[in-house]
Amino acid sequence: MAKVPDTPENMSRCLCAGCPSFPGSGGFFCAKGKSDSEIRKRGCLCTDCANFREFSLVDGYYCAAGAAGEGAQ
Ligand code: SF4
Ligand code: SF4
């Protein structure tokens with residue numbers, strides 16, 4: 001079960017659009033699941049995100065790994 005509730009409030013906190021690894025579309029990957037695009041890892045902003053702290057996330061790079069609680073943590 002995903003750790004991050006897929007709510008508009010949580011989505012509004014997402015920093016993915018400003019991330020150097022952002023694949024160009026999508027976002028809120030910790031709840032929505034991974035991107036369809038191949039990710040070139042150039043850093044991840046998740047550790048600066050309020051959702052990361054609130055939901056005790058660990059891994060980051062959800063765009064590549066999939067939603068928190070569904071493979072990634
Ligand atoms: S933890 Fe990462 S993927 Fe999840 S909302 Fe924050 S920036 Fe977006
Ligand atoms: S999940 Fe992390 S690496 Fe991927 S776009 Fe969001 S902030 Fe960047």
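The paragraphs below go through the overall fold, the nonpolar core, the two ligand shells and a few loop residues of this predicted model.

The protein chain contains four helices and zero strands. Read from the N terminus, its elements follow the order α-α-α-α. Along the principal axes, the C-alpha atoms of the protein chain occupy a box of roughly 25 × 20 × 20 Å. The radius of gyration of the protein chain is 11 Å, which agrees with the value near 11 Å for a compact globule of 73 residues. Contacts in the protein chain can also be sorted by sequence separation. Among those with a separation of 6 or more, 51% join residues that are 24 or more positions apart. Of the 73 residues in the protein chain, 33% are buried.

The interior comes next. In soluble globular proteins, nonpolar side chains tend to be buried together. Here the largest nonpolar core has 19 residues, and those with the most contacts inside it are Cys16, Phe28, Phe29, Cys30, Cys46, Tyr62 and Ala68. Two elements, α2 and α4, give two or more residues to this core. The largest share, three residues, comes from α2. Phe29 is one of the residues with the most contacts inside the core. Leaving aside residues up to four places away in sequence, Phe29 touches Cys16, Lys34, Ser35, Tyr62 and Cys63. Of these partners, Cys16 and Tyr62 are also among the core residues with the most contacts.

The model also holds ligands, and their surroundings can be described in turn. Around ligand 1 there are 14 residues, of which Cys14, Leu15, Cys30, Cys46 and Cys49 come nearest. Cys30 and Cys46 were named above among the core residues with the most contacts. The helices α2 (29-32) and α3 (50-54) each supply at least two residues of this shell. Sorted by class, the shell around ligand 1 has twelve nonpolar residues, one polar residue and one charged residue.

Ligand 2 is surrounded by 13 residues, and the closest are Cys16, Cys19, Ser21, Cys44 and Cys63. The shell around ligand 2 has eleven nonpolar and two polar residues, with no charged residues. Two of the closest residues, Cys16 and Cys63, are also touched by Phe29. Cys16 therefore appears in three places in this account: beside ligand 2, among the contacts of Phe29, and among the residues with the most contacts inside the largest nonpolar core.

The loops remain. Two residues in the loop between α3 and α4 have a positive phi without being glycine. One is Ser56, located in the loop between α3 and α4 (62-65), with a phi near 55 degrees. Ser56 counts as exposed because it has 9 C-beta neighbours inside 10 Å, and the limit for an exposed residue is 12 or fewer. The other is Tyr61, which also lies in the loop between α3 and α4 and has a phi of about 50 degrees. Tyr61 has 18 C-beta neighbours inside 10 Å, so it counts as partly exposed.

Glu38 belongs to the loop between α2 and α3. With 7 C-beta neighbours inside 10 Å, Glu38 counts as exposed. Glu38 and Asp48 are ten residues apart along the chain, and their C-alpha atoms are separated by 23 Å.

How values were computed:
Residues are numbered from 1 along each chain as its sequence is written. Chains are lettered from A and ligands numbered from 1 in the order in which they are written. This is a predicted model: local features need pLDDT of at least 70, side-chain atom pairs count only at pLDDT 80 or more; totals for chains, interfaces and linings use all residues. A residue is near a molecule or strand if its C-beta atom, placed from the backbone, lies within 6 Å of it. Ala, Val, Leu, Ile, Met, Phe, Trp, Tyr, Cys and Pro count as nonpolar, Asp, Glu, Lys and Arg as charged, and the others, Gly among them, as polar. The radius of gyration is taken over C-alpha atoms; the globule rule is 2.2 Å times the number of residues to the power 0.38. A residue is buried if 20 or more other C-beta atoms lie within 10 Å of its own, exposed if 12 or fewer, and partly exposed in between; C-beta atoms are placed from the backbone. Two residues are in contact if their C-beta atoms, placed from the backbone, lie within 7 Å. A nonpolar core is a set of buried Ala, Val, Leu, Ile, Met, Phe, Trp, Tyr and Cys residues joined through C-beta atoms within 7 Å.
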